[in-house]
Amino acid sequence: MKLKIFTTLLLLSVFLAGNAYKRQSIDINVNGQSRNMIVYTPNSMSDNYPLFIVTHGMNQDPEYQYGADKMYELIDTAKFVIAYLRGIDKTWDTGGTKDRDFVIKTIDEMAAKFSIDTNRVYWSGFSMGSMLIHHCIANMQDKIAAFAPTSGIQFSEEPWKKCKK
């Protein structure tokens, strides 16, 4: 009998605990084009959480990236919002401003929707998502507190030399 009660309580606690985060697919308009991101937030939110932006590699998507890095599993204990951005045709505009504008608009949307702390916005990219960071780094210092490019090359010579901080 005690084992049955224990098992029932254990199953009930697992069921009620569920995920410690919420997952949403969010569409925003950037320069007349609909863009998509997958956003994870802690179940209980307060104002001024940091925002962590992630850009995936070429021929990948947000689903691949969050399945690989599993950073969303930390958001309830570390208290941050994470936005996995979706590139157009699974690539990024590493020569123009289309995806830089997407990142900027994402920050504005997340600040309006979740009251994130705009002084604590961090951006990580993998492979081509990292190449996008290198492309944007010198022109985004006023929006991003720290960059974390991973496994991606830069096209120009040392773009960080153009950085002021």
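**Two helices and three salt bridges**

In helix 5, the residues that come out as buried are Met128, Gly129, Ser130, Met131, Leu132, Ile133, His134 and Cys136. I should say at once that this is a predicted model, and that I will keep to what was computed from it.

To stay with helix 5 for a moment, this helix runs over residues 128–136, and because 8 of its 9 residues are buried, it is largely enclosed by the rest of the structure. What do the buried residues of helix 5 pack against? Their partners are strand 3, helix 4, which spans 98–114, strand 5, and strand 6, which spans 146–150.

Helix 2, at residues 62–69, has as its buried residues Pro62, Gln65 and Tyr66. These residues cover an arc of only 90° around the axis, and therefore they lie on the same side of helix 2. As general background, an α-helix has 3.6 residues a turn, so residues three or four places apart point the same way. The cover over the buried residues of helix 2 includes strand 1 (21–30), strand 2 (33–42), strand 3 (51–55), strand 4 (81–85) and strand 5 (121–126). Just after helix 2 comes Lys70, which takes a positive phi of about 55°.

Let me turn now to the charged side chains. How many salt bridges does a search of the whole structure find? The search finds 7, and I will go through some of them with the accessibility of each partner alongside.

One of them joins Asp76 to Lys79, with the closest N and O atoms 3.7 Å apart. Asp76 is partly exposed, at a relative accessible area of 22%, and Lys79 also counts as partly exposed, at 30% relative accessibility.

Another brings together the side chains of Arg100 and Asp101, at 3.0 Å from N to O. Is Asp101 buried or exposed? At 17% relative accessibility Asp101 counts as buried, because the cut-off for buried is under 20%, whereas Arg100, at 24%, counts as partly exposed.

The last one I will show is formed by Asp117 with Arg120, where the closest N and O atoms are 3.0 Å apart. Asp117 is buried, with a relative accessible area of 16%, while Arg120, at 32% relative accessibility, counts as partly exposed.

To close, I would put two points side by side: helix 5 is largely enclosed by the rest of the structure, whereas the buried residues of helix 2 sit on the same side of that helix.

How values were computed: Residues numbered from 1 in each chain as written. Predicted model: local features only at pLDDT ≥ 70, side-chain atom pairs only at ≥ 80, totals over all residues. Heavy atoms only, no water. Buried < 20%, exposed > 50% of the residue type's maximum accessible area, 1.4 Å probe, protein only. Helix = DSSP H or I, 4+ residues; strand = E, 2+ residues; numbered from the N terminus. Arc of directions from axis to C-beta. Contact = heavy atoms within 4.5 Å. Salt bridge = Lys/Arg side-chain N within 4 Å of Asp/Glu carboxyl O.
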